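Trainee: I have a new structure to read. Could you show me how to go through it?

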Amino acid sequence: MNDIVPIALQTAAHTHATLTDTVLIIGHGSRERSGNDEIELFAAQWRAKHPEWRIEVCFIEFAEVMLEAGLRRAAQGSRRVLVLPLILNAAGHAKMEIPEHIAEARAENPGVQFLYAPHLGAGEPILKILRRQLRSAMNTLDMPDPTGTGVIVLGRGSSDRGANGELAKMARWLLEETDHELVDLAFTGITWPRLEKVVQRQALLGMRQIVVLPYYLFTGTLVQRIGRQIEHLRLQYPQVRFASGHYFGFEPEIFGLMDQRVHDLLDGTPEALMPCDGCKFRLFAEEHGQGHHHHDDGHVPAAHDHDHAHPHDHGHEHPHEHAHDHASHDHAGHSHA
């Protein structure tokens with residue numbers, strides 16, 4: 001385990017991917033097969049943009065090629081594997097589960113260098129997508145007046161406050177970049193508030209129109225459920241006009257972020273590595289048997305509960321939402337997180 005930090009920092013001055021490099025996309029995976037198919041399609045389109053790159057795909061769950069198999073396949077014939085989570089928000093999967101599998105892959109492939117890039121994150125490219133989605137939704141309304149139209153950014157929800165905070169950041173940025181008086185956030189599971197409660201609040205505050213912006217990557221069971229929820233809300237609030245945006249995935253900004261992750265790793269940009277890669281607190285968790293692996297039976301070992309002054313939080317999402325939400329589990333939008 002002590003070699004994780006040196007290996008992660010050996011990015012050198014490689015500015016171009018070579019024939020011995022493999023780019024490994026990690027999607028979350030969904031029970032809805034079309035969600036996984038869209039990630040495969042994304043990979044195919046990305047390959048077409050970069051025919052010189054070897055691009056592989058694997059998933060965290062609900063798919064044929066899982067993390068362990070994906071890392072093993074990517075390591076074959078490679079000297080360097082660039083691991084890119086195609087995930088909007090970083091929670092337990094990105095902060096604990098993927099790094100643990102990478103650590104195991106390093107031990108199994110001592111001659112291969114594994115570099116782990118950050119998730120897509122919440123920044124200007126994602127804000128640009130949200131603004132475009134909001135403009136498109138507003139154009140479907142009879143009275144596209146932002147002062148009387150509430151906006152709800154609807155995300156997956158996590159037990160990780162950092163992941164929820166990224167959604168809050170995007171909602172705040174959207175408020176500051178538009179003329180809407182209300183831009184709230186809601187979650188489909190794990191945490192609160194839920195969509196119905198926020199719609200109730202905005203209706204009581206006099207919003208005549210409400211735009212719901214799903215904060216999801218690719219389709220999945222939860223994306224489909226959001227559509228049904230909005231239809232129910234239309235019946236429940238006949239005095240309110242609803243419009244909704246579309247999930248993300250194939251926007252140029254997403255491809256651009258993935259391109260940037262590859263180039264940053266190859267250039268050795270310090271910020272290019274996932275913060276948890278080589279994190280001493282994650283190593284402590286691993287050494288004490290407190291890591292987070294996904295279990296098909298729904299059991300999750302207790303996460304490490306020690307407090308530490310560390311710039312990011314290692315909380316993880318419960319994979320099957322036992323106590324919070326008994327609806328079908330899917331992280332396709334986070335994050336696919």
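Mentor: We start with the whole chain, then turn to helix pairs, then to single residues. Keep in mind that this is a predicted model.

Trainee: Let's begin with the chain. How many helices and strands does the secondary structure of the chain come to?

Mentor: The count is 11 helices and eight strands.

Trainee: What share of the residues of the chain counts as buried?

Mentor: The chain has 337 residues, and 58% of them count as buried. The area that the chain exposes is about 14300 Å². Carbon and sulfur atoms supply 53% of that area.

Trainee: And the contacts in the chain, what share joins residues at least 24 apart?

Mentor: Take the contacts between residues at least 6 apart in sequence. Of these, 81% join residues at least 24 apart.

Trainee: Next, helix pairs. How are two packed helices described?

Mentor: Two values do it: the angle between the axes and the distance between them. Try helix α5, residues 124–138, and helix α6, residues 161–177. They pack at an angle of about 60°, and their axes are 10 Å apart.

Trainee: Why is α5 called oblique to α6?

Mentor: Angles of 65 to 115 degrees would be roughly perpendicular, and those under 35 roughly parallel. The angle here is about 60°, so α5 is oblique to α6. The crossing of α5 past α6 is right-handed.

Trainee: Which residues make the contact?

Mentor: From α5 come Glu124, Ile126, Leu127, Leu130, Arg131 and Leu134. From α6 come Met170, Trp173, Leu174 and Glu177. By class, this contact of α5 with α6 has seven nonpolar residues, three charged ones and no polar ones.

Trainee: Let me see another pair. At what angle do helix α3 and helix α4 cross?

Mentor: Roughly 40°. Helix α3 covers residues 67–75, helix α4 covers residues 92–108, and their axes come within 10 Å. The two are therefore oblique to each other. Here too, look at the hand: α3 passes α4 in a right-handed crossing.

Trainee: Which residues meet there?

Mentor: Leu67, Glu68, Leu71 and Arg72 in α3 meet six partners in α4: Glu97, Ile98, His101, Ile102, Ala105 and Glu108. The classes in the contact of α3 with α4 are five nonpolar, one polar and four charged.

Trainee: Now the backbone. What should I expect for phi and for peptide bonds?

Mentor: Most residues other than glycine have a negative phi, and most peptide bonds are trans. Now look for the exceptions. The bond from Trp192 to Pro193 is cis, with omega near 5°. Pro193 sits in the loop between β6 (183–187) and α7 (195–204).

Trainee: What is the phi of Ile190?

Mentor: Ile190 has a positive phi of about 70°, though it is not a glycine. Ile190 is in the loop between β6 and α7. Its relative accessibility is 5%, so Ile190 counts as buried.

Trainee: And where is Phe218?

Mentor: In the loop between β7 (209–214) and α8 (221–236). Phe218 has a positive phi of about 65° and is not a glycine. Phe218 is buried, at 0% relative accessible area.

Trainee: One last residue. Is Gly27 buried or exposed?

Mentor: Buried counts as under 20%; Gly27 has 0% relative accessibility, so Gly27 is buried. Gly27 lies in strand β1, residues 21–27. Leaving out residues up to four places away in sequence, Gly27 touches Ile39, Cys58, Phe59 and Ile60. Now compare sequence and space: Gly27 and Glu61 are 34 residues apart in sequence, and 8.6 Å apart C-alpha to C-alpha.

Terms used
Residues are numbered from 1 along each chain as its sequence is written. This is a predicted model: local features need pLDDT of at least 70, side-chain atom pairs count only at pLDDT 80 or more; totals for chains, interfaces and linings use all residues. Side-chain values use heavy atoms; hydrogens and water are left out. Axes are lines fitted to C-alpha atoms, for helices over the stretch in contact, and angles run from 0 to 180 degrees between N-to-C directions. Helices (H or I, at least four residues) and strands (E, at least two) are DSSP runs, numbered from the N terminus. Angles under 35 degrees count as roughly parallel, over 145 as roughly antiparallel, 65 to 115 as roughly perpendicular and the rest as oblique. A crossing is left-handed if the near helix is turned anticlockwise from the far one by less than a right angle, and right-handed if clockwise. Contact means heavy atoms within 4.5 Å. Ala, Val, Leu, Ile, Met, Phe, Trp, Tyr, Cys and Pro count as nonpolar, Asp, Glu, Lys and Arg as charged, and the others, Gly among them, as polar. Buried means under 20% relative accessible area, exposed over 50%, partly exposed in between (1.4 Å probe, protein chains only). Accessible areas come from the Shrake-Rupley method with a 1.4 Å probe; for residues, only the protein chains shown count as cover.
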